[in-house]
Amino acid sequence: MRPIQEIADKLDLTPDGLMVYGDYMAKIRLATLRQNTARQKGKIVLVSAINPTRSGEGKTTVSIGLAQGMQRLGARVALALREPSLGPIFGIKGGGAGGGHCQLEPSTRINMHFTGDMHAVGAAHNLLAALVDNAVHFHSELDLEHRQVFWRRVLDVNDRALRQAVIGLGGRLNGVPRETGFDITAASEVMGILCLAEDLTDLKQRLGRILVGFDRQGAPVTASGLQATGAMAALLQDAILPNLVQSSEGVPALVHGGPFGNIAHGCNSVIATKSAAARADYVVTEAGFGFDLGAEKFFDLKCRSAGLWPHAVVLVVTVRALRLHGGGSPQSGGTVEEICAGLEHLFHHVESVQAFGFEPVIAINRFDGDDEADLKAIEDGCRAYDLSVARFDGYARGGAGGEALAVAVMAATERPQPPPRFLYELDESPERKILAVASTIYGASEVVFSRTALKDLERIRDLGYQQLPICIAKTHLSLSSDPSRIGHQDGFELPVESVRISAGAGYLLALTGDIVTMPGLSARPAAHRIDLSDEGEVLGV
């Protein structure tokens, strides 16, 4: 690893513009961020993927390797990526900082605690929860109805036992008993706010708009009404500053914010993306899970809110994911016919990319053991569809293994930038917005709203929130709401179970199918493999 100032020099960041955390990590100070608006903007490259297997398809690895390949070609490039969450790290997927010769460094620090942003988000969220219950306990003038409080608590570790809980037990001194529960910190609306806020003023305004529940007359109660805004912002004073680290080959990386892609909008912070674009000619960023989740939200939520728009889109595919969507098993070898069948799933995502005005570059992330016939079948299928395609071997070879993809992506950025195009207008009804996403991106023929969801939508209209954009929470493993329905889907019903108001983040959260906001650990969680050596080195991430 290079000293952090050497990395900062690549982005014209001076020592007085940094808040340094040891030798290899820093935050960019607020005064420096305010200088970004006067700088020329670089080209943004969005990396997304097809629906992944449960192990993931290496989208972060491809993003890092692509940037390293571009650097090898002489480009002034920066990464803008999300922070890992402890939930997946100790759960199924393990570390979230790339892999092989395409990692963010120092990877173990980034994966665990980093600069404390995730904990700051959790503290701000839980402070608001404590103020809510304190107001109920003391019968404040807000007259909160404790059965109408829906602000839960958060924890950054998967723990299914906390999904539903009863608090306030043990007598009058311990508060008012009520049902509640915990979400994973990455699903917190505070995380969504942190990642969509433009500056401190915007942050405080968004925090103040958080809707926590209703009073006994049915009127909304917000964080500003609880006088929580200032204290929450104070807890986030450093968390709002983007983190500067580096890749395995010294590419500057602004790693900041980490909302989940299936139950939030899955993108890193607006501040980090804009900062990277102000200080590099190319910015490689990613959006969580497949294009149907993270990338759609990148366009319809993040870009709409922040005035951003990319110059190119990359879709990551793998042999194992295409084999899964072609009816085979991702854990074992199979036939070329399965790969060809799985290409229908890829082409559905290509059409989704085209709905936003882009022709994607297909990145084939090669894994050790991939059969040459399978790789060639993917290439032939993409070329028959007139798609730009390149193999990626960055895990094993670093930036050298990403050069072919870098050439294709840089060529794509030379095309005229498509104008912003969204799937729906904000003045459309929430039902029409949900249908627009479901039909265009997922392939659904109909959206079916539960009785609870219909009541939620009625309240949303009564309160005047119907103009907000839509964030749909669904499984990342399928285009539908059913994770077992793999492959190309058309003509299915998308069930909407409930619709929540995320007034601070600025969207309506529609929950489909069996969505849990607090994941559980598997029978053999990744935590079993993690250890600390006698020399103080974290192992197994």
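What follows is a short tutorial dialogue on reading a few features of this predicted model.

User: Let's start with helix packing. At what angle do α13 and α14 pack, and how far apart are their axes?

Analyst: For a helix pair, look at the angle, the distance and the handedness. Here α13 (residues 336–355) and α14 (residues 372–384) pack at about 40°, and their axes are 10 Å apart. The crossing of α13 and α14 is right-handed.

User: Which residues of α13 and α14 meet?

Analyst: From α13 you have V336, I339, C340, L343, L346 and F347. They meet A373, D374, A377, I378, G381 and C382 of α14. Sorted by class, that contact has 10 nonpolar residues, one polar and one charged.

User: Now pockets. How much space lies in the second largest pocket, and which residues are closest to its centre?

Analyst: With a pocket, go from volume to lining to chemistry. The second largest pocket holds about 1,100 Å³ of space. Its lining has 38 residues, and F150, W151, R152, S498 and R500 are the closest to the centre.

User: Which element gives the largest share of that lining?

Analyst: That's β22, with six residues. The elements giving two or more residues to this pocket's lining are β7 (144–149), β10 (178–180), β12 (211–215), α18 (451–463), β22 (493–502) and β23 (507–512). As for chemistry, the lining of the second largest pocket splits into 15 nonpolar, 11 polar and 12 charged residues.

User: And cavities? How many of 30 Å³ or more turn up in the whole structure?

Analyst: A cavity differs from a pocket in that the probe fits but cannot get out. The search finds one cavity of 30 Å³ or more. The volume of the largest cavity is about 70 Å³. Of the 13 residues lining the largest cavity, P84, I110, H113, F114 and M118 are the closest to its centre.

User: Where does the lining of the largest cavity come from, and how does it divide by class?

Analyst: Both α5 (107–111) and α6 (117–137) supply at least two residues each. The largest share, three residues, is from α6. By class, the cavity's lining has six nonpolar, four polar and three charged residues.

User: On to aromatics. Why is the pair of F299 and F356 stacked?

Analyst: Check the ring centres, then the planes. Centres within 6.5 Å make a pair, and planes under 30 degrees apart count as stacked. The ring centres of F299 and F356 are 4.3 Å apart with planes at 15°, so this pair is stacked. Across the whole structure, the search gives 10 aromatic pairs.

User: Where in the chain do F299 and F356 sit?

Analyst: F299 is in helix α11 (residues 291–306), while F356 is in the loop between α13 and β18 (361–365). They are 57 residues apart, so to speak of what the pair does, it links distant parts of the chain.

User: Last topic, the backbone. Is the peptide bond from E105 to P106 cis or trans?

Analyst: Omega is the angle to read. The E105 to P106 bond has omega near 0° and is cis. P106 belongs to the loop between β6 (102–105) and α5.

User: What about phi at D12?

Analyst: D12 isn't a glycine, yet its phi is positive, about 60°. D12 lies in the loop between α1 (4–9) and β1 (18–21).

Note on methods: Residues numbered from 1 in each chain as written. Predicted model: local features only at pLDDT ≥ 70, side-chain atom pairs only at ≥ 80, totals over all residues. Heavy atoms only, no water. Axes fitted to C-alpha atoms, helices over the stretch in contact; angles between N-to-C directions. Helix = DSSP H or I, 4+ residues; strand = E, 2+ residues; numbered from the N terminus. Left-handed = near helix turned anticlockwise from the far one by under 90°. Contact = heavy atoms within 4.5 Å. Nonpolar A, V, L, I, M, F, W, Y, C, P; charged D, E, K, R; others polar. 1 Å grid on protein atoms, 1.4 Å probe; cavity = no way out; pocket = protein on both sides within 12 Å on 5 of 7 lines; lining within 4 Å. Points joined across faces, edges and corners; volume = space filled by probe spheres on them. Phe/Tyr/Trp six-rings, centres within 6.5 Å; stacked < 30°, edge-to-face > 60°.
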